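Me: Please take a close look at a single part of this structure and explain how it is connected to the rest. I am a first-year student, so plain words are best.

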Amino acid sequence: MDAWATPRGFADDVGPMAAGIFRAEAEFRSAASSFGFIPVQVSPVGYAATFEQFGTAATGRIFSFADLGGRELALTADSLVAVLRAIAGSGELRHGQPVRAAACVPVARYRHKRRRGWTQAVAVLCNEQDEVGADLTLLRLWTALLGGRAPGAGFRYCDFDMIDTLAEDEGLSLVQARTVLHQVRKEQPVADQRAMGFLRRYQELVALCEDSDAEQSLSAIDRAEPLLRSRTSHVRQVLRTAGGLGAATAFSMKWPRATEYGAGLSFTVHDSDGRMLGDGGGYHQVVHGLREDIQTCWSTAVSVELLAELVPESSMQQVHLLKVHGSADLDFFLAAASELRACGMQVIEHWRPGRLGRELKRMPRDELVWFALVGEREQANGSLTLQNTAVVGRTRQVPVRTSLADRLTGHVVAPRRPERKQA
């Protein structure tokens with residue numbers, strides 16, 4: 001075993017990859033905050049039973065261990081569960097009161113992913129009694145996140161409540177209906193007559209939605225199953241809002257993850273190439289499993305690594321500041337760096353630079369990257385000459401106002417002691 005390697009389920013991100021993740025997290029937190037979501041910082045460790053109670057969604061794919069006290073602990077294996085645990089433990093989750101929370105959660109579990117270690121940004125609405133309001137909040141949060149960054153991206157909706165209504169009409173519980181769908185997915189035989197009736201009606205709805213736009217699908221469902229008209233009305237309202245926001249939408253009853261613990265109107269978000277960026281919907285059974293007095297929960301999650309690919313790099317200018325050895329006053333060098341940072345630039349300080357030609361070869365050739373020498377001449381002039389690394393001859397003059405730089409950074413130059421006179 002390589003002592004320097006990370007265990008399966010983790011990944012170290014350095015440099016541009018880490019910078020992209022930080023940008024994506026900041027973008028997500030900003031968008032969630034604008035909708036009133038409170039920030040949450042979750043613990044990376046919890047009790048293993050917290051995650052294991054949700055079945056195959058976590059069991060067998062978590063890192064569990066016993067601590068010195070013999071307690072069975074685990075690293076965070078499910079972002080939604082971790083956020084709900086944090087909200088409930090903080091006292092923010094109260095019966096009958098809507099709560100919105102958002103967090104970026106490092107997730108570690110055994111799973112086949114493009115990246116084995118990843119962070120999920122998750123936003124949760126708990127106890128939101130207005131179902132339309134909750135669904136529209138998740139929809140608008142996603143359109144704010146995409147913000148034109150993913151042209152052609154769209155939402156694919158499916159309504160679990162329609163599936164559950166059919167099951168109830170056939171005398172099946174929600175768990176029994178999920179079991180039937182799981183058996184079909186695994187190509188296992190289904191013998192129960194009630195289950196066969198439910199399955200027949202469900203498959204008819206799947207066929208009605210094939211090769212049809214959303215409105216045609218919903219109208220066909222109205223005709224085939226009048227029992228579902230209240231649900232189709234709800235779906236229409238959400239899709240109409242999505243259309244008004246310019247988001248592409250599709251509706252289908254064929255849902256590959258129909259055996260999971262979702263409930264209500266659920267969706268996935270895909271880019272123009274069909275890659276899934278994130279998902280969301282009702283997860284009422286999850287929150288009810290944590291606290292019996294909490295009945296409802298809507299959630300949406302996105303892989304921060306995938307979101308990072310959509311969030312462009314900031315156009316911050318970078319300056320390499322080279323201190324000419326022995327000829328520049330230290331206080332002026334510090335003031336020059338402070339002045340550039342106050343102008344919104346990223347400053348890399350070179351305290352003992354080598355030969356100028358060698359230093360320039362190490363700098364990226366980019367129109368946003370500059371370099372400047374700091375020596376006696378610059379101090380005498382009270383300004384810097386920035387030279388661009390990509391365009392030869394492109395320069396900028398930046399005045400250095402020492403008092404302003406000191407005030408911005410809190411840097412105070414200590415008074416110099418007078419020289420002691422020789423006896």
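**One helix and its surroundings**

Reply: V235 is found in helix α9, and this helix is a good place to start. The model is predicted, and what follows describes that model.

V235 has a relative accessibility of 1%. The cut-off for a buried residue is under 20%, so V235 counts as buried. Leaving aside residues up to four places away in sequence, V235 touches D159, M162, L218, F251 and L265. Another residue to compare with V235 is Y157: the two are 78 residues apart in sequence, but their C-alpha atoms are 8.6 Å apart in space.

H234 also lies in helix α9. Its relative accessible area is 8%, so H234 is buried. With residues up to four places away in sequence again left out, H234 touches E131, V132, D135 and L265. L265 therefore appears in the contact lists of H234 and V235, as a reading of the two lists against the contact cut-off of 4.5 Å shows.

The next residue to look at in this helix is R231, which forms salt bridges. One partner of R231 is D159, and the closest N and O atoms of this salt bridge are 2.8 Å apart. The two residues come from distant parts of the chain: D159 is in strand β7, residues 154-159, while R231 is in helix α9, residues 229-244, and 72 residues separate them. D159 and R231 are both buried.

A second partner of R231 is D161, with the closest N and O atoms at 3.4 Å. D161 lies in helix α5, residues 160-169, and R231 in helix α9, so this pair ties together parts that are 70 residues apart in sequence. Are the two ends of this bridge buried or partly exposed? R231 has 8% relative accessibility and so counts as buried. D161 has a relative accessible area of 28%, which means that it is partly exposed.

A separate salt bridge is found just before the start of the helix in the chain listing. It joins E225 and R201, with the closest N and O atoms 2.9 Å apart. E225 is in the loop between α8 (214-224) and α9, R201 is in helix α7 (residues 193-209), and the pair links distant parts of the chain that are 24 residues apart. E225 is buried at a relative accessible area of 9%, and R201 is buried at 9% too. Returning to R231, salt bridges that share partners join E131, D159, D161 and R231 into one network. E131 was named above as one of the residues that H234 touches. Across the structure there are 18 salt bridges.

R201 leads on to helix α7 and its neighbour. Helix α6 (residues 174-185) and α7 pack with their axes 10 Å apart and at an angle of about 70°. Angles of 65 to 115 degrees count as roughly perpendicular, so that is how α6 and α7 are described. On the α6 side, the residues that meet α7 are Q176, A177, V180, L181 and V184; on the α7 side they are R194, A195, F198, L199, Y202 and Q203. By type, the residues of this contact are 8 nonpolar, 2 polar and 1 charged.

The loop between α6 and α7 holds E187. Phi of E187 is positive, near 60°, although the residue is not glycine. Most residues other than glycine have a negative phi. E187 is exposed because its relative accessibility is 75%. N127 is another such case, with a positive phi of about 60° and no glycine at that position. N127 sits in the loop between β6 (118-126) and α4 (131-146). Unlike the exposed E187, N127 is buried, at a relative accessible area of 2%.

Finally, the wider setting. The protein's secondary structure amounts to 15 helices and 16 strands. Of its 423 residues, 46% are buried. Among contacts with a separation of 6 or more, 67% are between residues 24 or more positions apart. There are 0 disulfides in the structure.

Methods
Residues numbered from 1 in each chain as written. Predicted model: local features only at pLDDT ≥ 70, side-chain atom pairs only at ≥ 80, totals over all residues. Heavy atoms only, no water. Salt bridge = Lys/Arg side-chain N within 4 Å of Asp/Glu carboxyl O. Helix = DSSP H or I, 4+ residues; strand = E, 2+ residues; numbered from the N terminus. Buried < 20%, exposed > 50% of the residue type's maximum accessible area, 1.4 Å probe, protein only. Axes fitted to C-alpha atoms, helices over the stretch in contact; angles between N-to-C directions. Parallel < 35°, antiparallel > 145°, perpendicular 65-115°, else oblique. Nonpolar A, V, L, I, M, F, W, Y, C, P; charged D, E, K, R; others polar. Disulfide = S-S within 2.5 Å.
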